[in-house]
Amino acid sequence: RAVSDGALILLIFGAGLVGFASERIRHDLVALLMLAASVLLGLVPAAEAFAGLGDPAVITVAAVMVLSAAVSRSGMLERLL
């Protein structure tokens, strides 16, 4: 390989950092693009790319985010203040 795996990882993380900081693209899309690049470049095995999404901690964080968005959109927070 002409470029080492470490250099590719640094490139992906650097691009991700720019994507997160610029806020031009949604953060979830930036993260998925980083994962897709890692798989396409052979840095992460395709069979293991989404293995972490089944972790209870990830599911809990996702559930809390969905619930907080629902409460925010319902207008309940404005009524409490």
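**View A. Glu23, just after helix 1.** In this predicted model, Glu23 follows helix 1 and has a positive phi, near 60 degrees. Have a look at the backbone here before moving back into the helix.

**View B. Helix 1 from end to end.** Helix 1 covers residues 5-22, which makes 18 residues. At 1.5 Å a residue, these should span 26 Å, and the end C-alpha atoms are indeed 26 Å apart, so the expected and computed lengths agree.

**View C. The buried side of helix 1.** Four residues to pick out here are Leu8, Ile12, Gly16 and Gly19, which are buried. They cover an arc of only 70 degrees around the axis, and therefore lie on the same side of helix 1. Part of their cover is supplied by helix 2 (27-40).

**View D. The opposite face of helix 1.** Turned away from the buried side, this face carries Leu10, Phe13, Leu17, Val18 and Ala21, which are exposed.

**View E. A nonpolar patch on the surface.** Ile25, Leu29, Leu32, Leu33, Phe50, Leu53 and Val58 make up this patch. Together they have about 630 Å² of accessible area. Helix 2 gives the patch its largest share, with three residues.

**View F. Val58, a member of the patch.** Zooming in on one residue of the nonpolar patch, we come to Val58, which sits in helix 3 (residues 56-74). Its relative accessibility is 35%, so Val58 counts as partly exposed, a class that lies between buried, under 20%, and exposed, over 50%.

Terms used: Residues are numbered from 1 along each chain as its sequence is written. This is a predicted model: local features need pLDDT of at least 70, side-chain atom pairs count only at pLDDT 80 or more; totals for chains, interfaces and linings use all residues. Side-chain values use heavy atoms; hydrogens and water are left out. Helices (H or I, at least four residues) and strands (E, at least two) are DSSP runs, numbered from the N terminus. The expected span of a helix is 1.5 Å times one less than its number of residues. Buried means under 20% relative accessible area, exposed over 50%, partly exposed in between (1.4 Å probe, protein chains only). The arc is that of the directions from the helix axis to the C-beta atoms. Contact means heavy atoms within 4.5 Å. Patches are made of residues with over 30% relative accessible area and no salt bridge: like charges are joined within 9 Å, nonpolar side chains (Val, Leu, Ile, Met, Phe, Trp, Tyr) within 5 Å. Accessible areas come from the Shrake-Rupley method with a 1.4 Å probe; for residues, only the protein chains shown count as cover. A salt bridge is a side-chain nitrogen of Lys or Arg within 4 Å of a carboxyl oxygen of Asp or Glu.
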